[in-house]
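Let's walk through this model together, one region at a time. Keep the viewer open as you read, so that you can click along.

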Amino acid sequence: MHDDTIELRQPTADPKVLRAFLEPIAVAFGDDYTDEMFEIDRQLFEMDRLVGAVDGETWVGGACAESRRLTVPGGAEIRAAAISGVGVLPSHRRRGILTRLMGWLLDQAEDRGEAVSVLHASEGAIYPHFGYGIGTLQASIDAERSAFRFSRPAEPLGRVRLVDVDEGMRLIPAIFEQARAGGPGEVSRSPAEWRHQLLGDNSSRRSTLGLKSNAVLEVDGQPRGYASYRVKSEWDDRGPKNILNVLEVVALDPAAERTLWEWMVGIDLVGRVKVWRTPVQHPLFLQLLDPRRLGLTIREGIWVRLVDVRAALEARTYAGPGRVTLEVTDAFRPSNAGRWTVDVPGDRGVASVAAAEPGVEPDLALDVADLATIYLGAFTFADLAHAGRLRECRDGAVAAADRLFTTPFAPWCSTMF
């Protein structure tokens, strides 16, 4: 249902206006939105990418976008609209506000030449309606510290030391950029995000997860990796049971990554280790004596939306040569709907994508949200066929398309936004 009494409006940078704009988003998420959180967000917002819904003069919903770069198969980076902070007051649900907000954000993304949009979904049932599909998977770990017993010894490597925010800004973003290069699914991070969110501490997180620390591994004086974590104090009559909340571990090579893990799980007074986001195929699963004790769980990571099907498909590379014609449906952005031929003429993997010639029959038929699950390599056409999410229009087309779209690495996004 579309409510014509609700107006879409962009907030100004005036602190009172901006705070009023953010209030319904905080209410929708059940957040205690503190002054400290507001001041951090003010450093991060791109004001021209905020849009809200107004009933009279009252803000009743809002949404935000960020300008990011997404790495796609083949290693290229493309411009992406990263959506976050989407919320509507409970009193104004079922009035078409969310649909209008998402339409506004995707129209803006198209105008800015952003071929894809990405987001982390608060509820997975919401965003397929807007053409988003699961783009990456991620895992989490919840284990007693005693579970981190390595099956084979490793040579000592370098020195790990703690750094403050200013030194972290000089060392850590460069490590991340080098490590993420070429990794499909990774997104860029801004300097303000590094300083205020990723390296800086804030009291709202400190009260629930403990003090934040940032550590850098140096080998022969050169940075080789870093770890960001929080330690939550927990004691009982039998002594310390602190919880180590691992936020991120990034290294330039496997030996450096293992060194950082061994250093962290060796921190005194820790009884339990929780890891918020990791790749599903984590090296610890092959390094520890009893990996079952990691308590690894799997869920979806980022959701991907192809804003411009043609531009998005041309941006990535393929295991060509080959050709496939896809019949794509897209109820939310009908300009994407139609038959698209992906033609990879040589072994360089570069494709040209165009509307299929009249009379050309499709090889496969699927929705744009399902095509998004294929885009980075999280799933295959065979996975979709097994799930009943596509129609094979020509015998052997699923296998042929998978040969063309196959990727050597599972996609992974380490960044929350």
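**A walk through the model**

Leaving aside neighbours within four places in sequence, serine 84 is in contact with Ala63, Cys64, Glu66 and Phe417. Before going further, please keep in mind that this is a predicted model. Serine 84 itself sits in strand S4, which covers residues 77-88. Is serine 84 buried or exposed? Its relative accessibility is 16%, and buried means under 20%, so serine 84 counts as buried.

Now let's step back and look at the whole protein. It contains 12 helices and 21 strands. Its radius of gyration is 23 Å, close to the 22 Å that the globule rule gives for 417 residues, so the protein is as compact as a globular protein of that length. If you would like box dimensions, the C-alpha trace spans about 70 × 55 × 40 Å along its principal axes. Of the 417 residues, 49% are buried. Contacts can also be sorted by how far apart the partners are in sequence: among those with a separation of 6 or more, 71% join residues 24 or more positions apart.

With that overview in place, let's turn to the helices, beginning with H1 and H2. Helix H1 runs over residues 15-29 and helix H2 over residues 35-44; their axes come within 11 Å and cross at roughly 105°. What does that angle say about the pair? Angles of 65 to 115 degrees count as roughly perpendicular, and H1 and H2 are therefore roughly perpendicular to each other. On the H1 side the contact is made by Pro15, Leu18, Arg19 and Leu22, while H2 brings in Asp35, Phe38 and Arg42. Sorted by class, this contact of H1 with H2 has 4 nonpolar and 3 charged residues, and no polar ones.

H2 has another partner to visit, helix H5, which covers residues 191-199. Here the axes are 9 Å apart and the packing angle is about 165°. Angles over 145 degrees count as roughly antiparallel, and H2 and H5 are therefore roughly antiparallel to each other. The crossing in which H2 passes H5 is left-handed. Select Ile40, Gln43 and Leu44 in H2, and you will find them meeting Ala192, Glu193, His196 and Gln197 in H5. The residues of this contact of H2 with H5 divide into 3 nonpolar, 3 polar and 1 charged.

Next come two buried residues that you can inspect side by side. Serine 228 belongs to strand S10, residues 222-232. With a relative accessible area of 4%, serine 228 is buried. Not counting residues up to four places away in sequence, serine 228 touches Leu198, Lys212, Ser213, Asn214, Val246, Leu247 and Glu248. Phenylalanine 130, by contrast, is found in a loop, the one between strand S5 (116-119) and strand S6 (133-134). Is phenylalanine 130 buried or exposed in that loop? Its relative accessibility is 5%, so phenylalanine 130 counts as buried. Beyond its neighbours within four places in sequence, phenylalanine 130 is in contact with Leu98, Thr99, Met102, Leu106, Arg305 and Phe332. For a distance to check in your viewer, try phenylalanine 130 and glycine 322: they are 192 residues apart in sequence and 30 Å apart in space, C-alpha to C-alpha.

Finally, a few backbone details that you may enjoy. Which form does the peptide bond from glycine 320 to proline 321 take? It is cis, with omega near 5°. Proline 321 lies in the loop between helix H9 (309-315) and strand S17 (322-329). Now look at phi. Arginine 94 is a residue other than glycine with a positive phi, near 60°. You will find arginine 94 in the loop between S4 and helix H3 (97-111), and at 67% relative accessibility arginine 94 counts as exposed. Aspartate 220 likewise has a positive phi, near 55°. The place of aspartate 220 is in the loop between strand S9 (211-219) and S10. With a relative accessible area of 76%, aspartate 220 is exposed.

Note on methods: Residues numbered from 1 in each chain as written. Predicted model: local features only at pLDDT ≥ 70, side-chain atom pairs only at ≥ 80, totals over all residues. Heavy atoms only, no water. Axes fitted to C-alpha atoms, helices over the stretch in contact; angles between N-to-C directions. Helix = DSSP H or I, 4+ residues; strand = E, 2+ residues; numbered from the N terminus. Parallel < 35°, antiparallel > 145°, perpendicular 65-115°, else oblique. Contact = heavy atoms within 4.5 Å. Nonpolar A, V, L, I, M, F, W, Y, C, P; charged D, E, K, R; others polar. Left-handed = near helix turned anticlockwise from the far one by under 90°. Buried < 20%, exposed > 50% of the residue type's maximum accessible area, 1.4 Å probe, protein only. Rg over C-alpha atoms; globule rule 2.2 N^0.38 Å.
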